[in-house]
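Here are my comments on the model you sent over. Please read them with the coordinates open.

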Amino acid sequence: MTDLHTSIDKFQFNNVFMNASGVRCYTKDELDELAQSDAGTLVTKSATQTKRLGNPSPRYAPLELGSINSMGLPNEGLEYYLDYALDFQKAHPEKPIFLSVAGLSMEENLAMAHTIENSDFNGLVEFNLSCPNVPGKPQTGYDFDRTQEVLTNLFDFFTKPAGVKLPPYFDLAQFDQMATILNQFPLKFVNSINSLGNGLMIDPETDTALIKPKGGFGGIGGAYAKPIALANVRAFAQRLDPKIQLIGTGGVTNGRDAYDLILAGASLVQVGTLLQEEGTVAFTRLTRELRAVMQTKGYNAISDFRGQLKVLS
Ligand code: RRO
């Protein structure tokens with residue numbers, strides 16, 4: 001039987017698939033549903049210090065090859081997700097989970113990090129440096145000096161296992177610069193990519209933008225994102241200290257898409273748009289399809305092919 005077991009640092013997971021933060025993980029009921037699915041683990045909706053309602057609706061629309069969203073960081077506040085994670089780790093000590101945080105300022109990120117540091121949370125923390133949808137708040141991940149400053153201040157005191165969620169980059173010089181920054185810190189993982197920021201889609205019937213916030217601009221996910229996600233995972237796998245593992249996110253609609261992200265170097269694979277559209281049953285199909293691809297290729301374990309992308313010489 002093919003084995004989809006994987007690990008990040010000391011944390012073990014019996015399946016490579018999990019949700020992408022923001023998708024079906026706002027409420028305790030949604031998180032419970034993820035926990036009961038075939039996913040190997042789960043991540044909570046990116047939290048701010050206090051509850052936010054987010055942007056006005058419509059703020060998500062499915063597209064032919066993916067989705068557009070400008071949710072605007074709606075969430076129940078850090079305490080809600082931290083409480084959930086603390087209860088969860090008591091009930092499921094064998095299933096480590098991820099807590100995602102996305103402060104709207106460095107101060108807010110540091111304050112939340114202090115709260116988590118001083119708590120009994122024993123899973124992994126994802127610092128989301130790439131929310132594309134809060135009006136007036138540029139993505140930290142596109143400001144290299146700011147990223148360096150945030151991580152310097154964070155790892156001054158933060159000792160729990162952590163990683164960062166990054167936006168997509170499009171130039172090799174950006175991969176070089178960002179990897180040089182990330183390699184200075186004791187990160188356990190880098191999650192690449194968040195949605196392709198600030199796309200625009202138009203309803204042909206009405207000549208109107210599909211979503212309401214920001215004049216219709218929003219993050220693009222789904223199949224549109226696949227080649228960009230593959231390139232970002234591959235580029236970071238080639239540049240990061242091997243102690244920093246990759247989580248691959250973007251463009252997974254079938255088992256082969258996940259296989260490709262793993263070939264590029266991913267140790268875990270997150271599912272966003274597909275999970276939003278199909279629900280947690282998507283994990284059952286993806287698991288079956290990834291196993292089938294591995295069997296065809298003669299692989300028994302994720303480690304047999306992770307990072308083994310071939311290139312033309
Ligand atoms: O809430 C959102 O609008 C959102 C976030 Br925080 C994010 O990181 N990525 C995204 O596509 N949407």
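The numbered points below go from the ligand site to the annotations and then to the backbone.

1. Status. This is a predicted model. Please treat each distance and angle below as a value computed from that prediction.

2. Ligand shell. Which residues surround the ligand? The early part of the chain supplies Lys 45, Asn 69, Met 71, Gly 72, Leu 73 and Pro 74. Asn 128, Cys 131, Pro 132 and Asn 133 also belong to the shell, as do Asn 194 and Ser 195. By class, five of the shell residues are nonpolar, six are polar and one is charged.

3. Polar contacts. Three pairs deserve a look, each with an oxygen atom on the ligand side. A polar side-chain atom of Ser 195 lies 2.6 Å from a ligand oxygen. For Asn 194, an N or O atom of the side chain is 2.8 Å from an oxygen of the ligand. Met 71 takes part through its backbone: a polar atom there is 3.1 Å from a ligand oxygen.

4. Burial. How much of the ligand does the protein bury? On its own, the ligand exposes 310 Å², and the protein buries 93% of that. The space the ligand takes is the largest pocket.

5. Domain record. UniProt, in an unreviewed entry, lists residues 4–294 as "domain: Dihydroorotate dehydrogenase catalytic". Over that range the chain is 35% helix and 21% strand. The C-alpha atoms at its two ends are 10 Å apart.

6. Binding-site record. The unreviewed UniProt entry also lists a "binding site". Its residues are Ser 21, Lys 45, Ser 46, Asn 128, Lys 165, Ile 193, Gly 222, Gly 250, Gly 251, Gly 272 and Thr 273. The lining of the largest pocket includes each of these residues, from Ser 21 through to Thr 273. Lys 45 and Asn 128 are on the UniProt list and also surround the ligand. Lys 45 is placed in the loop between α1 (28–36) and β4 (60–63).

7. Cis peptides. Most peptide bonds are trans. Where are the cis bonds to check? One joins Ser 57 and Pro 58, with omega about 0 degrees. Pro 58 is in the loop between α1 and β4. Another joins Ser 192 and Ile 193, with omega about 20 degrees. Ile 193 sits in the loop between β9 (189–192) and β10 (196–200), and UniProt lists Ile 193 under "binding site".

8. Positive phi. Most residues other than glycine have a negative phi. Arg 24 is not a glycine, yet its phi is positive, about 50 degrees. Arg 24 is found in the loop between β3 (17–19) and α1.

Technical notes. Residues are numbered from 1 along each chain as its sequence is written. This is a predicted model: local features need pLDDT of at least 70, side-chain atom pairs count only at pLDDT 80 or more; totals for chains, interfaces and linings use all residues. Side-chain values use heavy atoms; hydrogens and water are left out. A residue is near a molecule or strand if one of its heavy atoms lies within 4 Å of it. A polar contact is a pair of N or O atoms within 3.5 Å; within protein, one must be able to donate a hydrogen and the other to accept it, and residues adjacent in sequence count only if both atoms are side-chain atoms. Accessible areas come from the Shrake-Rupley method with a 1.4 Å probe; for residues, only the protein chains shown count as cover. On a 1 Å grid over the protein atoms alone, a cavity is a set of points where a 1.4 Å probe fits but cannot get out, and a pocket is an open set with protein on both sides within 12 Å along at least five of seven lines; lining residues have an atom within 4 Å of a point. A molecule sits in a cavity or pocket if more than half of its atoms lie within 2 Å of its grid points. Ala, Val, Leu, Ile, Met, Phe, Trp, Tyr, Cys and Pro count as nonpolar, Asp, Glu, Lys and Arg as charged, and the others, Gly among them, as polar. UniProt positions are given in the numbering used here, feature names are shortened, and annotations may be inferred rather than shown by experiment. Helices (H or I, at least four residues) and strands (E, at least two) are DSSP runs, numbered from the N terminus.
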